[in-house]
Amino acid sequence: INIKAKNIVYNDINHLIKDLVESFKIYDTYRYILYIKNIIKKFGLEPSNSESYLNARAYYNSLPLSKKDPRLLYTIILYGYNQQIRFNGGHSFNNPVGMRWFNNKVLEKMISFSRIIKEKNIVFKCKEYFELEDYIKRNIFIYMDPPYRLTNGAYNDGKRGFKGWNIKMEETLFNFADKLNDSGKRFMISYVLKHNGKINTQLKDWIKRNGYKLMSIKKSPGIKRKEILIRNYD
């Protein structure tokens, strides 16, 4: 949101998140705040109140997709654990209750964010990254930070609203990077080459085959993985 650009493309593979971010641009900020306060009052939302929170969450999850208001989702997020965003495989919001709430600091940030996003020329998309080629010009730098295939996380276990991450998806990433390289576009990729004694041989062979530059990232003590940066330029 702070980037200085004439045009911005916001993309998220989870359409609920895309709609959530876009809602701050679409809706009048004052009316948005009124909506939040009405939902808080309707369900009796308050910090650590599990019953009211679960009722609001269950109501949101029960709605058909066309009725899932992103403003309702945002309000529920504010009262969830650490105000995190997490979904299960069926795109049902499943973050447990938390100790945070819609306070003046959150209000201040929301108003600021809403004002800035309304001023900018932003296109909102819900596509795979490789479907955004039309927006990639020759004179730009592409940085990619994909899930790490040798490690497990919320983003690569096939749950919480994501598609997971596997060898096939990794190959798609390699092909996409090769295409960028062939068209003269510079890229950098953060990845893991080794983890708990396992080596990603496909990754190692791909880097060597294409002559890409590899740089190891200094790791913290106790971390049993080799994180790297891959780039196609000097």
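A crossing of two helices counts as right-handed if the near helix is turned clockwise from the far one by less than a right angle. Keep that in mind for the first view, and remember that everything here comes from a predicted model.

**View 1. Helices α2 and α5 cross and touch.** Here α2 (residues 29–43) passes α5 (residues 104–119) in a right-handed crossing. The two pack at an angle of about 145 degrees, and their axes sit 10 Å apart. On the α2 side, look for Thr29, Tyr32, Ile33 and Ile36. They meet Leu107, Met110, Ile111, Ser114 and Lys118 of α5. Sort these contact residues by class and you get six nonpolar, two polar and one charged.

**View 2. The largest nonpolar core has 33 residues.** Which residues have the most contacts inside this core? They are Leu45, Tyr74, Phe93, Phe102 and Met110. Several elements chip in: α1 (15–26), α2, α3 (50–62), α4 (70–78), α5 and β2 (122–125) each supply at least two residues. The largest share, seven residues, comes from α2. As a general rule, nonpolar side chains in soluble globular proteins tend to be buried together.

**View 3. Phe93 has plenty of company.** Leave out residues up to four places away in sequence, and Phe93 still touches a whole list of others. Among them are Tyr53, Arg57, Tyr60 and Asn61, then Leu73, Ile76 and Ile77. Gln84, Ile85, Arg86 and Phe87 are also on the list.

**View 4. A second, separate core has 21 residues.** Look for Leu173, Ala177, Tyr212 and Ile228, which are included in this core.

**View 5. Strand β3 (residues 141–144) shows two faces.** In a regular strand the side chains alternate between the two faces of the sheet. Which side chains of β3 are buried? Ile142 and Met144 are, and they point to one face. Phe141 and Tyr143 point to the other face and are not buried. Next door in the pairing is β4 (residues 186–195), which joins β3 in the parallel sense over four bridges. Find Phe141 again: its bridge partner in β4 is Arg186.

**View 6. Asn82 and Gln83 sit in the loop between α4 and α5.** What is phi of Asn82? It is near 55 degrees, a positive value in a residue other than glycine. For Gln83, phi is likewise near 55 degrees, again positive without being glycine. Asn82 has a relative accessible area of 34%, so it counts as partly exposed. Gln83 is partly exposed too, with a value of 22%.

Key. Residues numbered from 1 in each chain as written. Predicted model: local features only at pLDDT ≥ 70, side-chain atom pairs only at ≥ 80, totals over all residues. Heavy atoms only, no water. Axes fitted to C-alpha atoms, helices over the stretch in contact; angles between N-to-C directions. Contact = heavy atoms within 4.5 Å. Nonpolar A, V, L, I, M, F, W, Y, C, P; charged D, E, K, R; others polar. Buried < 20%, exposed > 50% of the residue type's maximum accessible area, 1.4 Å probe, protein only. Pairing = 2+ DSSP bridges. Core = buried A, V, L, I, M, F, W, Y, C linked by side-chain atoms within 4.5 Å.
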